[in-house]
Amino acid sequence: MATCMSENGSERKLEFFLKVPFPSEREATIALQSLSPDPEPRKGGISKNLDVSGQTLSVRWTADEARILRVSVSSFLDHLSLVMETMDAFGPPVSQ
């Protein structure tokens with residue numbers, strides 16, 4: 001879901017939310033840990049917050065420009081796809 005919001009009534013920001021369900025909370029946490037270390041290459045104009053609640057990975061982007069938001073979301077989805085393919089190839093995680 002994408003929305004346009006106003007911050008402090010002056011500057012308009014774009015916001016995008018993504019929720020990804022996983023079969024278990026452990027798999028959602030693994031995905032979070034795999035995707036969190038990648039900081040945005042640009043030091044301004046965008047922020048990304050990841051969180052796990054139960055079996056759901058939630059991601060929230062806030063950006064100044066649609067182009068920056070699109071590139072960040074696209075890159076994230078590529079990485080998410082790779083994480084999910086890897087988890088699928090190796091099977092369910094072993095409990096610790």
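**Helix α2, the nonpolar core and the surroundings of T62**

Helix α2 comprises 25 residues and spans 36 Å between its first and last C-alpha, close to the 36 Å expected at 1.5 Å a residue. The model described here is predicted. Buried positions in α2 are I68, L69, S72, V73, F76, L80, V83 and M87. The helix is followed by G91, a residue with a positive phi, near 85°.

Several elements meet in the interior of the model. The largest nonpolar core contains 20 residues, and within this core the most contacts are made by F22, L57, W61, F76 and L80. At least two core residues are supplied by each of β2 (11-21), α1 (25-35), β3 (46-53), β4 (56-63) and α2 (66-90). Of these contributions, that of α2 is the largest share, at seven residues. In soluble globular proteins, nonpolar side chains tend to be buried together. The surroundings of L80 illustrate how the core is connected: when neighbours within four places in sequence are left aside, L80 is in contact with V20, F22, L35 and L57.

A further position of interest is T62, which lies in strand β4. The relative accessible area of T62 is 9%, under the 20% cut-off, and the residue is therefore classed as buried. The side chain of T62 forms a polar contact of 3.3 Å with the side chain of R60. Beyond residues up to four places away in sequence, T62 touches K13, L14 and E15, as well as G45, I46 and S47.

Technical notes
Residues numbered from 1 in each chain as written. Predicted model: local features only at pLDDT ≥ 70, side-chain atom pairs only at ≥ 80, totals over all residues. Heavy atoms only, no water. Core = buried A, V, L, I, M, F, W, Y, C linked by side-chain atoms within 4.5 Å. Buried < 20%, exposed > 50% of the residue type's maximum accessible area, 1.4 Å probe, protein only. Helix = DSSP H or I, 4+ residues; strand = E, 2+ residues; numbered from the N terminus. Contact = heavy atoms within 4.5 Å. Polar contact = N/O pair within 3.5 Å; in protein donor to acceptor, adjacent residues only side chain to side chain. Expected span 1.5 Å × (residues − 1).
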